[in-house]
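Student: I have a new structure open and would like to learn how its features get their names. Could we go through it together?
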Amino acid sequence: MSVHPRVVTDDFPATLRFYAGLLGEPEKVVADFEYASFDSGGETVLALLGRQAAEAVLPIGRGDGGVLVVVPVPDVDAVVAALPADAVVAAPADRPGWGVRSAYLRDPEGNLVEVQTWTAG
């Protein structure tokens, strides 16, 4: 079973650009439904869904950013340098206890995102 986060977004194009910048191009985009999925090994690891499409099928409210999405990247510093400064909540830092270097971001919908690179061998 594959469990993955789904980000419901008011600004689908901006949110899609944000995650495509972190993960590469999505495997599936249904533009008129405002849906995209980022897959690995044939399983979805992250999906995006436009709020209007989501509200058509379920009662939802705007998230408060309480969901954390963890995104492994090859180089945390390079990813952060490529993003707008206002997306960065906490600059890259080594976290020796966790064996990672990570930074914290907010996507265009206010969701908290941790980008991390493993530093432990």
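Tutor: Gladly! Let's begin with one pair: Arg6 stands opposite Ala47 in strand 4. Keep in mind that this is a predicted model.

Student: What makes strand 1 and strand 4 a pair?

Tutor: Pairing takes at least two bridges between two strands. Strand 1 and strand 4 are joined by four bridges, so they pass that test. The two run parallel.

Student: How do you know that strand 3 and strand 4 pair, and which way do they run?

Tutor: Six bridges join them, against a requirement of at least two, so they count as paired. Their directions are antiparallel. As an example, Asp39 has Thr44 of strand 4 opposite to it. Strand 3 and strand 4 also make a hairpin, with two residues between them. In that turn, Gly41 has a positive phi of about 60 degrees.

Student: What joins strand 2 to strand 3?

Tutor: Three bridges do, and these strands run antiparallel. One residue pair to look at is Val30 with its bridge partner Tyr35 in strand 3.

Student: What is the order of the strands in the sheet?

Tutor: The order is 1-4-3-2, in an open sheet of four strands with mixed pairing.

Student: Why are strand 1 and strand 2 said to stand at the edges?

Tutor: Strand 1 (6–9) and strand 2 (28–30) each have a single partner strand, so one side of each is left without a neighbour in the sheet. On average, neighbouring strands here are turned by 10 degrees against each other, direction ignored.

Student: How do you know that strand 4 is mostly covered?

Tutor: Of its eight residues, six are buried.

Student: And why is Thr15 called buried?

Tutor: The limit for buried is under 20% relative accessible area. Thr15 comes out at 0%, so it counts as buried. Thr15 lies in helix 1. Leaving aside residues up to four places away in sequence, Thr15 touches Val7, Thr9, Leu48, Pro108 and Glu109.

Student: What makes the link between Thr15 and Thr9 a polar contact?

Tutor: A polar contact needs N or O atoms within 3.5 Å, one able to donate a hydrogen and the other to accept it. The side chains of Thr15 and Thr9 are joined by such a contact at 2.8 Å.

Student: Which residues have the most contacts inside the largest nonpolar core?

Tutor: They are Phe18, Tyr19, Leu22, Leu48, Leu105, Val113 and Val115, in a core of 22 residues. Helix 1 (12–23) gives the most, with five residues. There is also a second, separate core of five residues, with Ala47, Leu49, Ala53 and Ala54 among them.

Student: How do you know that Phe18 and Tyr19 are buried enough for a core?

Tutor: Phe18 has a relative accessible area of 8%, and is therefore buried under the 20% limit. Tyr19 has 0%, so it is buried too. Not counting residues up to four places away in sequence, Phe18 touches several residues, including Leu83, Ala87, Leu105 and Val113.

Student: Why is the pair of Phe18 and Tyr19 called edge-to-face?

Tutor: Two rings pair if their centres lie within 6.5 Å, and planes over 60 degrees apart count as edge-to-face. For Phe18 and Tyr19 the centres are 5.0 Å apart and the planes stand at 80 degrees, so the pair is edge-to-face. The structure holds one aromatic pair, and you have just found it!

Technical notes: Residues numbered from 1 in each chain as written. Predicted model: local features only at pLDDT ≥ 70, side-chain atom pairs only at ≥ 80, totals over all residues. Heavy atoms only, no water. Axes fitted to C-alpha atoms, helices over the stretch in contact; angles between N-to-C directions. Core = buried A, V, L, I, M, F, W, Y, C linked by side-chain atoms within 4.5 Å. Buried < 20%, exposed > 50% of the residue type's maximum accessible area, 1.4 Å probe, protein only. Contact = heavy atoms within 4.5 Å. Phe/Tyr/Trp six-rings, centres within 6.5 Å; stacked < 30°, edge-to-face > 60°.
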